[in-house]
Amino acid sequence: MFAGPIQELVDELGRLPGVGPRSAQRIAFYVLEADRDSALRLAQAIVEVKDRIRLCERCFNVAETELCTICSDPRRDRTIICVVEDPRDIVAVERTREFHGTYHVLGGALSPIDGVGPEQLRVRPLLVRLGVEGVAEVILCTNPNLEGEATAMYLARLLLPIGVKVTRIASGLPVGGDLEYADELTLGRALEGRREVNG
Amino acid sequence: MNETVILRLSLRDFRNFDTVDFYPSQDGLTVIQGENGAGKSSLLEAVVYVSTLQSFRGAPREAIVRQGAIEANVRCDVLAGKRKVETEISILLGRRDRAWHNGQRVPGVRGLLEVLRTTLFTPDDLVLVKGAPSGRRDFVDDVLTRSHPRLGADRSALDRVLRHRNALLRQLGGRLDSEAATTLDIWDDRLAQIGERLARSRSELVEALSPYAAEAFSILASQAGSFKMRYVSSWEGALSDALAVARHEDLRRATTTVGPQRDDVEIEAGGLDARTRLSQGRQRCVALSLRLSSHRLMTNVTGAAPVLLLDDAFSELDEATARALVGELPDGQAFLTTAGELPPGASPKLVVRLVDGKLKQ
Ligand SMILES: [Zn+2]
C-alpha cells in the first residue's frame, strides 16, 4: 500500500484493460515523477475525451458533433453501409483505403454468455437507416470469430427479406481473429472479395 | 526415423522445486526414483507443460508456482529433428503464460506442440475405459489437437458455441417467440456446422487408432480375443435436423441434449463391452492400448515419435502385463517415475534418485 493519492491512482490505472498491477505501479510513479505540465496534459486529455466526444447520431462512430467526420463528408457513398462491431474496426477498414461508403457500428456482437442479444446491439437503428437512406448494399464486416459470424448470419436473415443486397467480407482473414489487428492488405482483399449472402 | 529428444530440463520455483537441472539419457529409458511426494510427477508435469501450457494433473497455476514465489520457469532444450530448440516458459501469477523458442516469443500452444509432443501414461488412465464418456471424448480430442491442430480447434469452438446456446436457452426460460427463434436458429446453425465437422474428425480418428490399439491389446492381454473400437454419435442424419427435433426438450431443460458433447467411443474386447464387462486387469490393458495407439498414430502423422512419459505407469500392472508393456515400448526417449522397483525386464540407460528436491545420479 502507498500513500492515499498514489494508491488511488494505482487502483484506477489497474482497472484499465491490459494494465496489470505491476504496470499500474510503474505508470503511477512515472506520473508522480513527471513534470506538472505533462501530467496535467494527460489529465486534460482524459477530461476532453469524456466531455467532447460522443457517438454519431447516424452511425454510432465516435464524433465531436452530431455527425462523425465520415457521415458529414459529402463524398462518401451513402448507398453502401459497412456494418462493424466497434468504432476501432472503422479505423481498420479506413486504413485499407478500399471503402468509400458509410458505416454502422453495432456496439458488439451477439454473445449470450455475456447477455448480449439483438436488443443490446444497434440493430433497430440500422433497419431505420435502410428505410430512409436509399441503401443498396450492406457489407457485414463483423469479426471472423464465432460471435462475429453468428452476428453476420443473424443480420443477413433480417436484411434479406427487405430486398437489400447483403455481402460478407471474404474469408482469408485469420479465423478467430479481430479486424482491429488484421493488416490493411489482408483486410482490403477481404473487402474486395466480399460475397453476396443468399438466404 | 526422426525423434524428439529432450536434452535438458531446468525448473525454477516449479511446484516444490527451488531449482533443478536435469540431463536425461538421450535415448532409451531414464528412470526417476523417489519416495511418494518427492516430486517425481512434477518433473513430468513440467515436460507436459512445456508442450501444452497445461498441467496433466489438472492443477491451477497457483498450485504450480512454488509457494512464496510469484513466477515459475521451465526451460527445456529439445532436439526436434535436426533443430535444437531452447524452449522457455514463464508462469507468472496474474498473467498469461509466456513461451519462447530460442529467445523468440511463441504466440500460442500450437507452436509449442510443433516442437515437443509427449505421450503420457498414468495409472489414472483406467478412467478412460471405466469412466464416463467425457474422458474418452477428451482423449480423442486431445489426440486430434496434437495430430491435426486445425481440426482440433473445433473442440474449443464447440465448447464455446454450447456455452452460448445454453446461456440463450436459460435466458429464454422455456418461451420462444419468433424473434428469439431467429436467434436460436443462428446458434443451431453454428453448432450444426462445427459439431458435424468435429464428429466426422473424431470418427475418422477413432478408425485410424483402432488397428494400432487392437495390435497393442493382442500383445498386452494374451488370448483376450478380438478388439474393436468405434465412435458412436448421439444422433442420426443431419445435426441441424436433430437439433430441430430436440428443440422443445432443449427449451424445457435449458440445455443442449444432442450433439458431439453427448457422443462416446465404444470399445469391445473379446466380444465384451470394455467399460462394463471386462476385469480391471483387462481394462488396464485397454487403457494402455489406447495410449500406445495414440503414440503410434502421432509418430506416423507427424513423422517424429513423441517423448514417452510413464508416470508410475507400472505400479498397478500384474507382472505379465508389465513385462509385455516393457517389450512393447516404442523406441525413442522415455521417462519413467517409480517409488519402488524397476519393472520386470526393463533396462534403463539412466537411473536418478529424487531426494529432498535434488536429483542424484
Ligand atoms: Zn457517422
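Q: What do the domain bounds in chain A come from?
A: They come from an automatic or database domain assignment, and chain A is divided that way into domain 1 (4–52) and domain 2 (74–196). The C-alpha centres of these two domains of chain A lie 34 Å apart. Bear in mind that this is a predicted model, where local features need pLDDT of at least 70, side-chain atom pairs count only at pLDDT 80 or more, and totals for chains, interfaces and linings use all residues. Residues are numbered from 1 along each chain as its sequence is written, with chains lettered from A and ligands numbered from 1 in the order in which they are written.

Q: Why is H6(B) called roughly antiparallel to H7(B)?
A: Helix H6 (residues 149–172) and helix H7 (residues 178–220) of chain B pack at about 155°, axes 9 Å apart. Angles over 145 degrees count as roughly antiparallel, so H6(B) and H7(B) get that label. Their contact (C-beta atoms, placed from the backbone, within 7 Å) includes B:Leu158 and B:Leu168 of H6(B) and B:Trp187 and B:Leu191 of H7(B).

Q: What makes A:Arg194 partly exposed?
A: A:Arg194 has 18 other C-beta atoms within 10 Å. Buried takes 20 or more and exposed 12 or fewer, with partly exposed in between, so A:Arg194 is partly exposed.

Q: Where does A:Arg194 lie in chain A?
A: A:Arg194 lies in the loop between helix H7 (184–192) and strand E7 (195–196). A:Cys141 is 53 residues from A:Arg194 in sequence, yet 9.5 Å from it in space, C-alpha to C-alpha.

Conventions. Axes fitted to C-alpha atoms, helices over the stretch in contact; angles between N-to-C directions. Helix = DSSP H or I, 4+ residues; strand = E, 2+ residues; numbered from the N terminus. Parallel < 35°, antiparallel > 145°, perpendicular 65-115°, else oblique. Contact = placed C-beta atoms within 7 Å.
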